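I opened my notebook to look up a few things in a structure, one entry at a time. Here is what I wrote down.

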Amino acid sequence: MKKIFNFIFLLISITVFSQIDNIKSGEKLSYRLHYGFLNAGTATLTTNQITYKGKPHYRVTGVGRSTGAVRAFFKVDDVYESYINIATGLPSYYVRNVSEGGYRRHYETEFNHDNQSLTLTNKLDQTSKNFKTMRGIQDMLSSFYNLRSMDKSKFKVGSNIKMNVWIDDESYPFMLKVVAVENKTTKFGDISCLKIKPYVMSGRIFKSQEGVTMWVTNDENHVPVEIRAELLVGSLKASLDGYSNVKYPLNFSK
């Protein structure tokens, strides 16, 4: 289960870049994670508007934690933070501080989009490196809010959405394909969703490039309500468990 929480945040998050204009400060999304039949953990995303280096930003905090029987043999305590420029939708500062069993990482990243570069600091050994990047590079959390800010016309069935996401010390190319519109049953009721297939690297965590399916609300919110991943060993599901202060109503039907 090493790095599984890392990939869950990524799959909630991946997308391209645009101005963020449909997120409300104080929003909170909560997810329940299941590994097979086990209650594996929780993940939360909270958003608050701040001023960072003189410009309006959203400070997004993602927290992942294993629970129950899974925590007894695999302790996970992950914290992610992203400071996202509201006008551009691009990340200015990013933190990944994770502890997953014996796996430990604490990175802080400063982005310079003007010259397409970033500075990565390893807080565990106090070393820093500079990297060249590409235009519009996203981190794991900032990409989530750009997905939700995209125009609905880009989410037509058959559409492909490409992006580059910075993870640890390199950029990963991803592609999302919108494959269907489906009604999805949740603890809050049924809701119309876009069924999306992210194409991801196989052979390390997932069974194949198409081993992941996600459903996001078919509205202006584009909130992920469920993610299913077929792993090399077992399967993982993340389900929307709570939400508050979303900008637009979520139209669940009982």
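Before I start on hairpins, I note that two strands count as paired if DSSP finds at least two bridges between them. I also note that this is a predicted model.

**Entry: strands and hairpins**

I looked up S10 (170–186) and its partners. A hairpin of two residues joins S10 to S11. These strands pair in the antiparallel sense, and I found 11 bridges between S10 and S11. For one bridge I looked up the partners: glutamate 182 is matched with cysteine 193 in S11.

On its other pairing, S10 runs antiparallel to S9 (residues 160–167), and eight bridges join S9 to S10. Here tryptophan 166 is opposite serine 171 in S10. The hairpin of S9 and S10 also has two residues between the strands, and aspartate 168 has a positive phi there, near 55°.

**Entry: the nonpolar core**

Which residues touch the most other members of the largest nonpolar core? I found Val60, Tyr145, Phe155, Ile196 and Leu240, in a core of 61 residues. The element that gives the most to this core is S9, with five residues. That goes with a general point I wanted to remember: in soluble globular proteins, nonpolar side chains tend to be buried together.

I then picked valine 60 and looked up its contacts, leaving out residues up to four places away in sequence. Among them are Leu45, Tyr80, Ile84, Leu141 and Tyr145. Glu81 is also on the list for valine 60.

**Entry: helix H3**

Tyr145 took me to helix H3, where it is one of the buried residues. How many of the eight residues of helix H3 (residues 142–149) are buried? The count is eight of eight, so H3 is largely enclosed by the rest of the structure. Among these buried residues are Phe144, Asn146, Leu147 and Arg148.

Next I looked up asparagine 221, which touches Arg148. Asparagine 221 sits in the loop between strand S12 (212–217) and strand S13 (224–230). Its relative accessible area is 0%; because buried means under 20%, asparagine 221 is buried. Apart from Arg148, the contacts of asparagine 221 include Val246, Lys247, Tyr248, Pro249 and Leu250.

**Entry: salt bridges**

I searched for salt bridges and the structure holds 11. A general reminder to myself: side chains of opposite charge can pair when their charged atoms come close.

Arginine 148 came up again, in a salt bridge with glutamate 27 (2.7 Å, N to O). The pair links distant parts of the chain: glutamate 27 is in the loop between helix H1 (4–13) and strand S1 (28–35), arginine 148 is in helix H3, and they are 121 residues apart. Buried or exposed, I asked, for glutamate 27 and arginine 148? Both are buried.

My next pair was arginine 32 and aspartate 241, whose closest N and O atoms are 3.9 Å apart in a salt bridge. Arginine 32 lies in strand S1 and aspartate 241 in strand S14, 209 residues apart. Arginine 32 has a relative accessible area of 26% and is partly exposed. Aspartate 241, at 28%, is partly exposed as well.

Then I turned to lysine 184, which meets glutamate 226 in a salt bridge (3.4 Å, N to O). This pair also links distant parts of the chain, with lysine 184 in strand S10 and glutamate 226 in strand S13, 42 residues apart. Lysine 184 and glutamate 226 are buried. I also noted a network: salt bridges with shared partners join Arg32, Lys187 and Asp241.

**Entry: rings**

Lysine 184 has a ring to note as well. It lies over the face of tryptophan 215, 3.7 Å from the ring centre.

For rings that pair with rings, my search of the whole structure finds eight aromatic pairs. In one of them, phenylalanine 188 and phenylalanine 252 have ring centres 5.5 Å apart and planes at 40°, so the pair is tilted. Phenylalanine 188 is in the loop between S10 and S11 and phenylalanine 252 in the segment after strand S14 (235–244), so the pair ties together parts 64 residues apart in sequence. Phenylalanine 252 has 17% relative accessibility and counts as buried, because the cut-off is under 20%.

My last note is on tyrosines: Tyr52, Tyr83 and Tyr93 form one aromatic cluster.

Technical notes:
Residues are numbered from 1 along each chain as its sequence is written. This is a predicted model: local features need pLDDT of at least 70, side-chain atom pairs count only at pLDDT 80 or more; totals for chains, interfaces and linings use all residues. Side-chain values use heavy atoms; hydrogens and water are left out. Rings of Phe, Tyr and Trp (its six-membered ring) pair if their centres lie within 6.5 Å; planes under 30 degrees apart count as stacked, over 60 as edge-to-face and the rest as tilted. Helices (H or I, at least four residues) and strands (E, at least two) are DSSP runs, numbered from the N terminus. Buried means under 20% relative accessible area, exposed over 50%, partly exposed in between (1.4 Å probe, protein chains only). A charge sits over a ring if NZ of Lys or CZ of Arg is within 6 Å of the ring centre and within 35 degrees of the ring normal. A nonpolar core is a set of buried Ala, Val, Leu, Ile, Met, Phe, Trp, Tyr and Cys residues joined through side-chain atoms within 4.5 Å. Contact means heavy atoms within 4.5 Å. A salt bridge is a side-chain nitrogen of Lys or Arg within 4 Å of a carboxyl oxygen of Asp or Glu.
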